[in-house]
Amino acid sequence: MSKKYLYIILFIIAILGLSFVQYQYFRIGLNLAGVQFNENIAEAASDIKEDLSVKNELTFLVASAITEDNLSFNLSLDSLKDASVYFLDDYLKETLVQNGIKASYKFSLYNDASVSYLQSKDTVTKEEKLLSYPIVLEGYLPELMDKKMILELRFNNVNRYFLSQLNGLTIPSIIFLFIIIMVILWVYRSFYLQNNLILTTNEFINNLTHELKTPIFSIGVATKILEEKVPAKDKELVNIIRGQLEKLRSQVDKVLELATIEGKKGFVLSEEVDLKPSLVDISSEFKKLAELENYSFESDIVGSRFIIKGDLNHLRNAINSLLDNAKKYAEVNTLIKLRAFEDGKDVFVEIADQGIGIEPGDLKKIFDKYYRVSHGDLHVVKGYGLGLNYVKRIVDLHKGKIEVNSEVNKGSLFTIKIPLKK
Ligand code: ADP
């Protein structure tokens with residue numbers, strides 16, 4: 001499974017996990033709200049019991065309504081009942097609020113034979129889920145009626161009421177979760193678009209360089225034919241064409257190689273190879289070139305064999321790129337050294353020059369793709385900032401390391417370390 005899908009799955013698991021944890025917290029919150037509600041009800045019930053146990057304006061009004069005695073009040077029986085329901089309800093509401101309960105409720109007052117005396121106006125339908133709290137009254141009212149009297153409080157939709165109490169927690173957590181999901185989706189989308197752009201650009205460069213190879217090849221053949229036909233005095237011109245064509249070919253090859261290793265994600269390097277003969281070849285070729293182009297080259301290759309797992313073509317290109325740079329970023333008559341040795345674990349290839357050096361601030365960036373140090377007066381040095389990026393990629397693919405030490409105007413030392421085959 002690719003890393004991309006692994007991350008997507010991890011993300012989904014994390015979001016589901018977070019939602020589950022939130023849900024559990026939410027349930028705990030609901031339970032706590034329920035416990036709190038019960039405690040508040042118990043307190044309110046004891047207040048109600050106490051207040052209704054004595055004779056006072058309210059209990060007297062209620063007593064008159066249930067005994068249907070309207071002599072003390074100038075009211076019809078129906079109005080008396082309505083008034084007592086109204087005032088009892090008012091009292092209950094206030095007592096509940098004082099005890100922290102704002103949920104809507106209904107009440108009914110009945111005796112132990114289930115004869116109902118009073119009840120709140122809007123009667124309750126049976127289907128409603130109700131929480132019922134019967135309060136057995138003491139004192140004045142039951143004594144007057146000589147019956148056990150019960151005042152029942154019924155709450156419907158308590159869950160909705162608890163939810164409303166938890167709103168301060170649930171809504172923000174849902175919003176934050178939503179924000180996290182949105183941000184991650186946005187980042188993923190940008191990353192995806194960016195990746196697509198890189199892939200398209202690589203494909204484009206790849207196609208373009210392939211298109212360039214055919215004309216380069218044709219010009220090469222034509223130049224060869226021309227070389228044989230032109231008079232001696234014009235040979236110089238043909239040489240210029242060949243030299244420049246060679247440069248162009250090497251740049252196109254570099255771009256192509258880079259595109260190849262980028263395209264091949266795995267790039268398995270399972271072949272066992274000996275790096276030593278390649279290093280010897282490179283050194284002798286470079287020595288010849290040094291004589292022609294007026295600089296010195298020394299090589300010191302210690303060890304009989306450097307057996308590694310890898311791709312010699314790419315490694316040769318990488319070492320040539322470093323040698324090219326050593327030559328490019330130095331004055332004429334400079335000295336370039338190649339040293340190779342092994343320590344039983346790794347093979348080391350060092351390329352030292354006495355060139356212009358690299359500022360400490362640039363050292364980390366020179367391996368980035370397209371990065372070039374701007375040299376003010378040395379702008380004549382041509383390049384695309386691809387060489388060192390290619391070298392680093394090749395070294396990385398061989399599970400190796402590349403290091404650079406440099407001092408401005410003194411020179412640079414590039415060290416490649418590649419693990420030997422055990
Ligand atoms: P290019 O040479 O095409 O610019 P490279 O990736 O090979 O690209 O190098 C990146 C930069 O690192 C160069 O622009 C140069 O400034 C610096 N650099 C590389 N090698 C050397 C060196 N041997 N000495 C000094 N500077 C170097």
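**View A. K392 and its partner D396 in helix α10****.** K392 is partly exposed here, at a relative accessible area of 29% (partly exposed sits between buried, under 20%, and exposed, over 50%, using a 1.4 Å probe and protein chains only). Its side chain meets that of D396 in a salt bridge, 3.1 Å from N to O (a Lys or Arg side-chain nitrogen within 4 Å of an Asp or Glu carboxyl oxygen). D396 is partly exposed too, at 40%. The two are 4 residues apart in α10, so about one helical turn separates them; helices are DSSP runs of H or I with at least four residues, strands are E runs with at least two, and both are numbered from the N terminus.

This is a predicted model, where local features need pLDDT of at least 70 and side-chain atom pairs count only at pLDDT 80 or more, while totals for chains, interfaces and linings use all residues. Residues are numbered from 1 along each chain as its sequence is written, and side-chain values use heavy atoms, with hydrogens and water left out.

**View B. Two more salt bridges, R242 to E227** **and D234 to K233****.** R242 and E227 come together at 2.6 Å, N to O. R242 belongs to helix α6 (residues 235-263) and E227 to α5, so this pair ties together parts 15 residues apart in sequence. R242 is partly exposed at 35%. For D234 and K233, the closest N and O atoms are 3.7 Å apart; D234 is partly exposed at 25%, whereas K233 is exposed at 70%. The whole structure has 9 salt bridges.

**View C. Helix α5 and its bend at L166****.** The 72 residues of α5 should span 106 Å at 1.5 Å a residue, and the end C-alpha atoms are 104 Å apart, which agrees (the expected span is 1.5 Å times one less than the number of residues). At L166 the helix bends by about 70°, the angle between axes fitted to the seven residues ending there and the seven starting there. L166 is one of the buried residues of α5, along with others including Y161, F162 and L177. V183, also in α5, is partly exposed at 45%.

**View D. K399 and N409, two loop residues with positive phi****.** K399 has a phi near 60° and lies in the loop between α10 and β10. N409, with a phi of about 65°, sits in the loop between β10 and β11. Most residues other than glycine have a negative phi. K399 counts as exposed at 71%, and N409 counts as exposed at 64%.
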